Amino acid sequence: MRINRGIRMLAVCMTLIAVLTVSGCSRQTMAGQKQIRIFLSLNEMDTFRQTLVDAAMAKAAQEGVELVVEDAGGSIEAQVEQLKRAAAEEYDVILCSAVSTDTAVQLKLSAGDIPIVFFNSCPDDRYLEAGKYVYVGSDEAVAGQFQAEYVLQQLGSKSEINVVLVKGPRSHSATVGRTNGVKEALADSGKTVNYVFEDSANWDMAQAKELFALFLRTGVTADCVICNNDAMALGIVEAAREAGIDFASLPILGVDATADGCAAIKAGEMQFTVYQSGKGQGEAAVEMAIRLAGNGDPEEMEGISEDGKYVWVDFEKVDGSNVTQYGQ
């Protein structure tokens, strides 16, 4: 399959950046060995993933390894072709943000014997293997738990809570983890929890705004709006503003601590978000790739799980008390 010229150009530009950065450094590759070559296949670029890719590029340059980045543009077919080419060109390790985690087996077959570090979207546990197929990211359930804890702190006097829940793409691991984290923590509170509206807005601000506007027409009362990411939370903010809703009476929560999300918290329009470190994930993904390539022990990686299949980068709570530390 032919890959879009724009994607090719992105790969070329990012490769040149890495090469130029490395050539400006006096340090050798790790342990003075042959330069490690890493291929990164991105599911689709957005603000958070750009932060992650930038951090991966910087880490690769710092460590003296080659990193080539290509964007699959949301196409499963394009991503499969990218991994096949990476295998044919004998890269040492592949970093992969899967367009669909349902294709994990196909992606592994396409990569041949090359180790894969999955990031941003997590395949099912049975497709991971210590020392060969590892996931680097944040434990998505924790983000949902943090959101539920904030809601319970703010609405602790209520025995019954009406929740609007706006989710990401249905099959995305972050959607599943964050949603389950919210529901389990709220269920454990012993309160009566009514999900008066629950739907997917696919990480999209405009879709979330439209969904919430539809909900408002029902006349049903909501005590809070919990969103799987900041972009959707900002869509809720827009719909609420247009409807004349008092933000102090309706906590709106997101995840990611984006610059816009943090600005909304400072403005009193959002109340809470969860910081997901794209920088930390990008750096950790490259570090694990280097270890899988033979320069270091994967089992000694900071944040590694006991079974060796995951590297966890911690989430952090963000509200009005500490928001100035985030979203820069």
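This passage covers the two largest pockets and one helix pair in a predicted model.

The largest pocket comes first. Its space adds up to about 650 Å³, and 29 residues line it, with Thr47, Phe48, Asp256, Ala257 and Thr258 closest to the centre. Helices α2 (47-63), α6 (173-188), α8 (230-242) and α9 (259-266) are the elements that each give two or more residues to this lining. The largest share is that of α2, which puts in four residues. Sorted by class, the lining of the largest pocket is a mix of 12 polar, 10 nonpolar and seven charged residues.

Next is the second largest pocket, at about 230 Å³. Its lining holds 15 residues, and those nearest the centre are Asn43, Arg49, Val99, Pro169 and His172. Here the class split is seven polar, five nonpolar and three charged.

Helix α2 also packs against another helix. Its axis and that of α10 (residues 278-292) come within 7 Å, crossing at roughly 45 degrees. Angles from 35 to 65 degrees fall in the oblique range, so α2 counts as oblique to α10. The handedness of this crossing is right-handed. On the α2 side, the contact is built from Phe48, Thr51, Leu52, Ala55, Ala56, Lys59, Ala60 and Glu63. Helix α10 answers with Gly278, Lys279, Gln281, Gly282, Glu283, Val286, Glu287 and Ile290. Taken by class, the α2 contact with α10 has seven nonpolar, five charged and four polar residues. Phe48 turns up twice in this account: among the residues closest to the centre of the largest pocket, and in the contact with α10.

Definitions and conventions:
Residues are numbered from 1 along each chain as its sequence is written. This is a predicted model: local features need pLDDT of at least 70, side-chain atom pairs count only at pLDDT 80 or more; totals for chains, interfaces and linings use all residues. Side-chain values use heavy atoms; hydrogens and water are left out. On a 1 Å grid over the protein atoms alone, a cavity is a set of points where a 1.4 Å probe fits but cannot get out, and a pocket is an open set with protein on both sides within 12 Å along at least five of seven lines; lining residues have an atom within 4 Å of a point. Grid points are joined across faces, edges and corners, and a volume is the space filled by probe spheres set on the points. Ala, Val, Leu, Ile, Met, Phe, Trp, Tyr, Cys and Pro count as nonpolar, Asp, Glu, Lys and Arg as charged, and the others, Gly among them, as polar. Axes are lines fitted to C-alpha atoms, for helices over the stretch in contact, and angles run from 0 to 180 degrees between N-to-C directions. Angles under 35 degrees count as roughly parallel, over 145 as roughly antiparallel, 65 to 115 as roughly perpendicular and the rest as oblique. A crossing is left-handed if the near helix is turned anticlockwise from the far one by less than a right angle, and right-handed if clockwise. Contact means heavy atoms within 4.5 Å.
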